[in-house]
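Hi everyone, thanks for coming. I'd like to walk you through one structure today, going from the whole chain down to a handful of residues.

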Amino acid sequence: MTLVVVGASLAGLRAVEAARRDGYRGRIVLIGAEDHPPYDRLPLSKAFLDAEGPGRIEPFHSEAALRDELGVEPVLGAPADGLDTTAREVAVDGRTVSYDALVIATGATARRLPGSEGIAGVHTLRTAEDALAVRAALDRGARTVVIGAGFIGSEVAAAARKRGLSSTIVEALDVPLIRSVGAEAGAVCASLHREAGTELWLSTTVTGLEANGGVVTGVRLASGEVLPADLVVAGIGVVPATGWLAGSGVPLHERDGGVVCDATLATGVPGVYAAGDVAHAENPLFDGELMRLEHWTNAAEQGAAAARHAFAPESARALAPVPYFWSDWYGHRIQFVGTPRADEVVTAVPASGGFTALYRRRDRIVGALTVDRPREIMKYRRHIAGRAPWPEALAFAAATAA
């Protein structure tokens, strides 16, 4: 029997580790588009960008350790480019790899800024190479312009300000992160940027780049203004890496092309499961809502579960996780649990500092965001997991706000 994991990502690695931990001794092939063995992407926009941050990006396991300790056949530096679910074969780099069980963990690729091809100093931040390039520019004292006020871009802006460098964010919407956390919490996030000295341009469209000798010098706005820049980071979202699945019969989401699966991560195609950033999975805790989450904890949990379910589908259980993520900006810790899709959002500024937003759907709490209140967020997570009634969540918030 052969397990093939496509995607040398955190989800892919956790699938491999779970298979071995659960006693599987058969063949495992791990296919990855990057040259590197799996590494942790989480620090790339956080500690790694600090002037005193780590000097290099270390993999979870070396390629030799993957082979010798986990018994994995790594196929790195070449993306999968096709899937035949009838023959049960993955095409990669001019050959095919047969599978009995397949875990799709290819993640997502960053959207690039139109017209940025061939211009030095313009980057996304998704891979180790991206992070090295952004950090090198910050080391040179780059004037930084971030396009898109999402979490990754905001962390880049915060890293620039921490070094005392100029930092500007350009956002097309009138409130940052409105789709991720809602208007109320998004407005608080905007205030964090402004208080830290980051220039924030909202309701603003980028129309192009200025360059001299093939090197970026500025960002051109719809108003005609040009923002000077030595470093431009595009934080304009990602696209699930599923082009290789075209025509395979694996169901893909009509909006973004991510893999659609049920709450056990099964795609409906025999032997094929999906995990991590690439997967739209049903979540029974939130009324069966399809969720595609770009969170570290989600990738780790789903990767392990996908491998277990691929080997024992008869005992697969539905996953009902409470999503969780965190982000550090300008010395502030932002944490979120649950979903922002709510009927009502209630906010509070506790006397002891920080900020709290609670999200109600019908008669229960489904989400919570806190700023600088780390002791509370996991308690809200338990409230959400237990389907706590809304009045109970409000009472807890009132008790901790004093």
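Let me start with a term: accessible areas here come from the Shrake-Rupley method with a 1.4 Å probe. On that basis, the protein chain has an accessible surface of about 16800 Å², and carbon and sulfur atoms account for 51% of that surface. Please keep in mind that what you see is a predicted model.

Now for the overall build. How many helices and strands does the protein chain have? There are nine helices and 26 strands. The radius of gyration is 22 Å, close to the 21 Å that the globule rule gives for 402 residues, so the chain is as compact as a globular protein of that length. If you prefer a box, the C-alpha atoms fill one of roughly 60 × 55 × 40 Å along the principal axes.

What about the inside? Of the 402 residues in the protein chain, 54% are buried. Take the contacts between residues at least 6 apart in sequence: 60% of them join residues at least 24 apart. On charge, I can offer you 39 positive and 47 negative side chains, with the centres of the two sets 4 Å apart.

Let's bring in the record. UniProt, in an unreviewed entry, has two domain annotations I'd like to show you. One is "FAD/NAD(P)-binding", placed at residues 2-303. Over residues 2-303 the chain is 22% helix and 29% strand, and the end C-alpha atoms sit 17 Å apart. The other annotation is "Reductase C-terminal", covering residues 324-394. Over residues 324-394 I find 24% helix and 46% strand, with 20 Å between the end C-alpha atoms.

Now some individual residues, starting towards the end of the chain. A357 is in strand 25, which runs over residues 355-361. Is A357 buried or exposed? Its relative accessibility is 0%, so A357 counts as buried. Setting aside residues up to four places away in sequence, A357 touches V345, V346 and T347, and also G367, A368 and L369. If you'd like a distance to check on screen, the C-alpha atoms of A357 and V181 are 9.0 Å apart, with the two positions 176 residues apart along the chain.

Next, T370, in strand 26, residues 364-371. T370 is buried too, because its relative accessibility is 0%. Which residues does T370 touch, beyond those up to four places away in sequence? The answer is R333, I334, Q335, F355, T356, I377 and Y380.

Let's step back along the chain to R292. You'll find R292 in the loop between strand 21 (289-291) and helix 7 (296-311). Here the cut-off helps: buried means under 20% relative accessible area. R292 is at 19%, so R292 counts as buried. Outside the four places on either side in sequence, the contacts of R292 include two aspartates, D256 and D277, along with A108, V238, P240, V278, A279 and H280. For another distance, the C-alpha atoms of R292 and V260 are separated by 9.1 Å, and these residues are 32 apart along the chain.

L209 is in strand 13, residues 206-212. At 14% relative accessibility, L209 counts as buried. Leaving out neighbours within four places in sequence, L209 is in contact with L113, G115, S116, I119 and V122, and also with G218, V219, R220 and V232. By contrast with those contacts, here is a pair to look at across the model: L209 and T127, 82 residues apart along the chain, have C-alpha atoms separated by 23 Å.

I'll finish with two backbone details. R88 is in the loop between strand 4 (80-84) and strand 5 (89-92). The phi of R88 is near 55°, a positive value in a residue other than glycine. With a relative accessibility of 26%, R88 counts as partly exposed.

Then there is D93, in the loop between strand 5 and strand 6 (95-98). What is the phi of D93? About 55°, so to speak on the positive side, although D93 is not a glycine. At 60% relative accessibility, D93 counts as exposed.

That's my tour. Thanks for listening, and I'm happy to rotate the model for anyone who wants another look.

Conventions
Residues numbered from 1 in each chain as written. Predicted model: local features only at pLDDT ≥ 70, side-chain atom pairs only at ≥ 80, totals over all residues. Heavy atoms only, no water. Helix = DSSP H or I, 4+ residues; strand = E, 2+ residues; numbered from the N terminus. Rg over C-alpha atoms; globule rule 2.2 N^0.38 Å. Buried < 20%, exposed > 50% of the residue type's maximum accessible area, 1.4 Å probe, protein only. Contact = heavy atoms within 4.5 Å. Lys, Arg positive; Asp, Glu negative; His and termini not counted. Charge placed at Lys NZ, Arg CZ, Asp CG, Glu CD. UniProt positions renumbered as here; feature names shortened; annotations may be inferred.
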